[in-house]
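I opened this notebook to keep track of what I looked up, entry by entry. The sequence and structure come first, and my notes follow.

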Amino acid sequence: MSGRYTALLIALLLLITLPYWMTGVYYVNVASQILFYAIFALGLNVLAGYGGLVSLGHAGLFGVTAYATGYMLQLGFSHTTAIIFALVTGVAAMAVYAALSLRSTGIGFIMITLALGEILWGLAYRWISLTGGDNGLSLKTRPEPLGFSLANADTFYYATLIVFLLSLAAMMVFVRSPLGAALMGTRDEPRRMNALGYHVWAIRFYACLFSGLLTAISAILFVYYTQFISPQTLALTASAEVLLMVISGGAGTLLGPIVGAALVVVVKTVVSGFIERWNFLLGAIFVAIVILMPEGLVPGSVRLWRLARRQRERRAARMPAKVEAKP
Amino acid sequence: MSALTVTNLCKSFGGLHVTTDVNLNVEAGERRLIIGPNGAGKTTLFNLITGELTPDSGTVELFGQDITKVPSRRRAHLGMARTYQIITLFTRDTIIHNVTLALLGLSPARWNPLIDLKRQGHFVEQAQAALDRIGLGHIANRPLRQTSYGERRRVEIAMALTQNPKVLLLDEPFAGLSIDERRDVHQLLLAIPRDVTIVMIEHNMDVALEFAERITLLHFGEVIVEGNRAEVVADPRTREVYLGH
């Protein structure tokens, strides 16, 4: 247990000092991307991991929030107003998603969220007066919270890190809470939960709102990072990508989605600079994960590590017996 | 006073009449046994009583209150608890977490997203006490998947009991148990205080007949015979449809 805390502390220190030891603005920006995609993955993990509700439409929510930010700024509103409006829009969009898709679970839920995501993608593409169509929307500036300009890579990284740590803390609290336990209960035995007096639909609905909030937060960081939003952000491949982050890292675990986000972003941005067929590589990695650790990288690694330790202990226990048997 | 009253209850799936005009009156504190051959509609009757299925017609009353339209999750809050024929528990979690979920289900704290569930002392104590009572206190923190079938059956009954139900519905609590396990569950049921009304579906006649005061025999969704133990066992119709020859 204490080993785990030491590891987390070292990870935290590395994250805080990252701009000092990471060479080059480019890699600091990659780190920022990992962090806000990790928030996105954490948000989807609330549903896919803890709620057993796999959504294939989260990129739509992500995109709606990003467009809302860009559109408000274009209308001349301040960053604060734009961010608040975008958060409300993102969560409200999730509420509509939830109202429609929570009518079913399993494949039905996947298909409805997929359809809703495609509708939003279509709107982004075709509602040109609002979204600029294929040309997208550009953001001229980044915000300056408390007078700190987020214009350069380091300050933006720190702002993202703070939001990321707050999101992770919120997840940690939620997962240990009664509502978190109830959500996992509805994932495993919804019928029993209902018989025990829980309102299964409402629990799932609240989980959706929490997921939507995290998604919206990550989308705002994303849109300020790229200072550009176009329909591609809402595409099905984007929804699939974040779902792969969750599943490859370990659905229903706290750290899994973060590891998954790091894996996908690193392959997409860094490795793609060296290997032309990075898509193939990413596919191969996913296949390897599915074969070797179907539960995801984080729980899979923990399992293998425990297995190795147990074998080591067993070997250690066998050794003295052999020595005694000699004379 | 009657704890549970079922009046003219009907349910059909397509053309199949699973429950036909069933009337049932269970007094407070009574131990009622429902028997009947496979497909007689016993579990369907339970699902109608707990609200997991909606009846086509008829009413269900709990202590005089008409609950026919009350959603099943609310019925738990009104004092109805059940166990399932196929054990339905949270296999990924520990035994004590299963019981804690049962306690939490009736508490307003179940909506709280901010507190740490494991640090809520009163839940932990109550859950531990409930497990101590059924003799599983020493393995409270064992993951459920590492427990035996008999232990699971007792955990399921303990979960229902921690909710302090007024009416407890047990769907084949002895099914699939070994003789020793059957004795454990039997003792557990005998220890339930009289302010809990129990309705039980069971095939295992040697234990069930001893436990029940009144028996209802269902056949093709209809109540065929009802009465005390001796009456029902002696009734020729019981022998015909159920006990055989």
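**Entry 1, helix 3 of chain A.** I began with the length of helix 3 (residues 58-74) of chain A, whose 17 residues should span 24 Å at 1.5 Å a residue, and I found its end C-alpha atoms 24 Å apart, which agrees. The expected span here is 1.5 Å times one less than the number of residues, and helices (H or I, at least four residues) and strands (E, at least two) are DSSP runs, numbered from the N terminus. I then noted that 14 of the 17 residues of helix 3 of chain A are buried, so this helix is largely enclosed by the rest of the structure. A residue is called buried if 20 or more other C-beta atoms lie within 10 Å of its own, exposed if 12 or fewer, and partly exposed in between, with C-beta atoms placed from the backbone. After helix 3 of chain A comes A:G76, which has a positive phi, near 100°.

**Entry 2, conventions.** I remind myself that this is a predicted model, in which local features need pLDDT of at least 70, side-chain atom pairs count only at pLDDT 80 or more, and totals for chains, interfaces and linings use all residues. Residues are numbered from 1 along each chain as its sequence is written, while chains are lettered from A and ligands numbered from 1 in the order in which they are written.

**Entry 3, helices 4 and 8 of chain A.** For helix 4 (residues 79-101) of chain A, I compared the 33 Å that its 23 residues should span at 1.5 Å a residue with the 32 Å between its end C-alpha atoms, which agrees. Its buried residues include A:A82, A:I83, A:A86, A:T89 and A:G90, and the buried residues of helix 4 of chain A pack against helix 3, helix 5 (106-126) and helix 10 (200-226) of chain A. Contact means that the C-beta atoms of two residues, placed from the backbone, lie within 7 Å.
In helix 8 (residues 178-188) of chain A, I found 10 of the 11 residues buried, among them A:P178, A:L179 and A:R187. The cover over these buried residues includes helix 2 (25-50), helix 7 (153-176), helix 9 (190-195) and helix 10 of chain A, together with helix 3 of chain B.

**Entry 4, two crossings.** The axes of helix 11 (residues 236-249) and helix 12 (residues 256-270) of chain A come within 7 Å and cross at roughly 125°. That makes helix 11 of chain A oblique to helix 12 of chain A. By class, this contact has nine nonpolar, four polar and one charged residues.
The axes of helix 2 and helix 11 of chain A come within 9 Å and cross at roughly 75°, which makes helix 2 of chain A roughly perpendicular to helix 11 of chain A. The residues of this second contact divide into nine nonpolar, two polar and no charged.
Axes are lines fitted to C-alpha atoms, for helices over the stretch in contact, and angles run from 0 to 180 degrees between N-to-C directions. Angles under 35 degrees count as roughly parallel, over 145 as roughly antiparallel, 65 to 115 as roughly perpendicular and the rest as oblique. Ala, Val, Leu, Ile, Met, Phe, Trp, Tyr, Cys and Pro count as nonpolar, Asp, Glu, Lys and Arg as charged, and the others, Gly among them, as polar.

**Entry 5, chain B.** I last looked up B:T197, which lies in strand 8 (residues 197-201) of chain B and counts as buried, with 25 C-beta neighbours inside 10 Å.
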